[in-house]
Amino acid sequence: MRQELDKFESEIFGFTVGRIDEVRSFELTPGTIDGLKRNYDMTLARVSLTDHSVIRGLTRGDFELMDVGLTFERSTKVKDLNTGELDIEVGVAHPGDVEQLVPMLVDPWGGRYDEDEHLDRDKVAKLRLEWLKNDLAGRTKYCFIAVDTLKPWTKGGFKIMAYVLAKDDGEIDLVGTLPDYRGQGIASDLLLSSLHEMRQRDGVEQATVRTHATNYAACRLYESTGFKLHKSDATFRLAGPRFERRPL
Ligand SMILES: CC(C)(COP(=O)(O)OP(=O)(O)OC[C@H]1O[C@@H](n2cnc3c(N)ncnc32)[C@H](O)[C@@H]1OP(=O)(O)O)[C@@H](O)C(=O)NCCC(=O)NCCS
């Protein structure tokens, strides 16, 4: 499984992907850029939005902006846990729920690949499915769900209305509410219950969540549940000749 995850991280649609975690502008000489183009079909670099000199270096070196991310954080101490007002049940997803969850999770949510004109939408959906299966199998520790107790699911249990996926260190991977159930406070209640649960079960003290700056609903959700903006970042991409020449 580990090998599969590694391969997945370094390959997208058959293109090799290089990832730069730390970059200093002076390292981005024309020689370095050419080397990256030769070695990778695309190179991704995520940098802090406050690193102006690095951003200047990246854009001068042919990198293009893919997305801007905001990371929010808050303590998992929840004072007023108020799920009583809504007729929902919050619980931990069991393996049988994953079958119901995955199709909910593959809907586009404005990620960088959804908006990429080089990429075919069906292939993006398949990539996300793959990523989610890996994530649910290998990296996600918590999977909290809110179910509609008035609607049994055909294969047992109840219909899932919303989900929260998180890692063991309190990093929240995904939050979502099915379109029909949005705007009723369900994600807010589920999110707060999830923080409470992580603290109660394992003593997780702090939660973080990253979303795209353009995802207004998600930003509102995090702000209205007491998260504070912690940092912002930007992801840039350098396209190698194979990726540029052969749009999918
Ligand atoms: C983001 C999302 C989870 C919100 O779910 P929800 O159940 O509708 O959220 P809530 O009803 O609890 O609303 C939370 C807050 O966000 C606000 N909000 C929710 N949707 C909004 C929208 N489309 N536009 C503006 N504000 C919105 C609500 O008004 C509320 O703020 P308030 O408490 O100040 O009134 C849902 O829109 C969704 O599933 N989006 C697609 C998946 C996604 O983008 N996930 C986040 C990134 S991982």
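**Exercise 1. Leu44 and strand β3**

How many C-beta neighbours does Leu44 have inside 10 Å, and does Leu44 count as buried, partly exposed or exposed?

*Solution.* The model is a predicted one, and the steps below are to be read with that in mind. Begin with the location: Leu44 belongs to strand β3, which covers residues 42-48. Next take the neighbour count, which is 18 C-beta atoms inside 10 Å; since a residue is buried at 20 or more and exposed at 12 or fewer, Leu44 counts as partly exposed. Then list the partners beyond four places in sequence, which are Val17, Arg19, Thr235 and Arg237. For one of these partners, Val17, the C-alpha to C-alpha distance from Leu44 is 7.2 Å, with the two positions 27 residues apart in sequence numbering.

**Exercise 2. Confidence and overall fold**

Describe how far the predictor's confidence extends over the protein chain, and what the chain contains in secondary structure.

*Solution.* The mean pLDDT of the protein chain is 83, and 85% of its residues reach 70 or more. The exception to mark is the stretch of residues 1-8, where pLDDT stays under 50 and the model has six contacts beyond four places in sequence. The secondary structure comes to eight helices and 10 strands, and of the 248 residues 29% count as buried. Finally, turn to the contacts with a separation of 6 or more, of which 75% join residues 24 or more positions apart.

**Exercise 3. The nonpolar cores**

Identify the largest nonpolar core, the elements that build it, and the surroundings of one of its central members, Ala162.

*Solution.* The largest nonpolar core has 34 residues, and those with the most contacts inside it are Phe144, Ile145, Ala146, Ala162, Tyr163, Val164 and Leu190. The elements giving two or more residues to this core are the strands β4, β6, β7, β8 and β9 together with the helices α6 and α7. Apart from it lies another core of 15 residues, including Val23, Ile55, Phe63 and Ala234. As background, nonpolar side chains tend to be buried together in soluble globular proteins. For Ala162, setting aside neighbours within four places in sequence, the contacts are Ile145, Ala146, Gly176, Thr177, Leu178, Tyr181, Ile186, Ala187 and Leu190.

A further step concerns Val147, which is placed in strand β6. With 21 C-beta neighbours inside 10 Å, Val147 counts as buried, and its C-alpha atom is separated by 6.6 Å from that of Val90, a residue 57 positions away along the chain.

**Exercise 4. Helix α6**

Check the span of α6 against the value expected for a helix with its number of residues, and then assess how far α6 is covered.

*Solution.* At 1.5 Å a residue, the 17 residues of α6 should span 24 Å, and the end C-alpha atoms are 24 Å apart, so the two values agree. As to covering, 12 of the 17 residues are buried, and α6 is therefore mostly covered by the criterion of 20 or more neighbours within 10 Å. The buried set includes polar and charged members such as Ser188, Asp189 and Glu197 beside nonpolar ones such as Ile186 and Leu190. After the helix comes Gly203, whose phi is positive, near 70°.

**Exercise 5. The shell around the ligand**

Work out which residues and elements surround the ligand, and how the shell divides by class.

*Solution.* The ligand is surrounded by 21 residues, of which the closest are Thr177, Arg182, Ala187, Ser188 and Ala217. The elements that give two or more residues to this shell are β8, α6 and α7, and α7 gives the most, with six residues. By class, the shell has 10 nonpolar, nine polar and two charged residues.

**Exercise 6. Asp62 and Lys228**

Contrast the settings of Asp62, in a loop, and Lys228, in a strand.

*Solution.* Asp62 lies in the loop between α3 and β4. Most residues other than glycine have a negative phi. Asp62, although not a glycine, has a positive phi of about 80°, and with 17 C-beta neighbours inside 10 Å it counts as partly exposed. Lys228, by contrast, is placed in strand β10 and is exposed, with 9 other C-beta atoms within 10 Å. Beyond four places in sequence, Lys228 is in contact with Phe72, Glu73 and Arg74. From Arg74, Lys228 is 6.4 Å away, C-alpha to C-alpha, although 154 residues separate them in sequence.

Methods. Residues numbered from 1 in each chain as written. Core = buried A, V, L, I, M, F, W, Y, C linked by C-beta atoms within 7 Å. Helix = DSSP H or I, 4+ residues; strand = E, 2+ residues; numbered from the N terminus. Contact = placed C-beta atoms within 7 Å. Expected span 1.5 Å × (residues − 1). Near = placed C-beta within 6 Å. pLDDT = per-residue confidence, 0-100.
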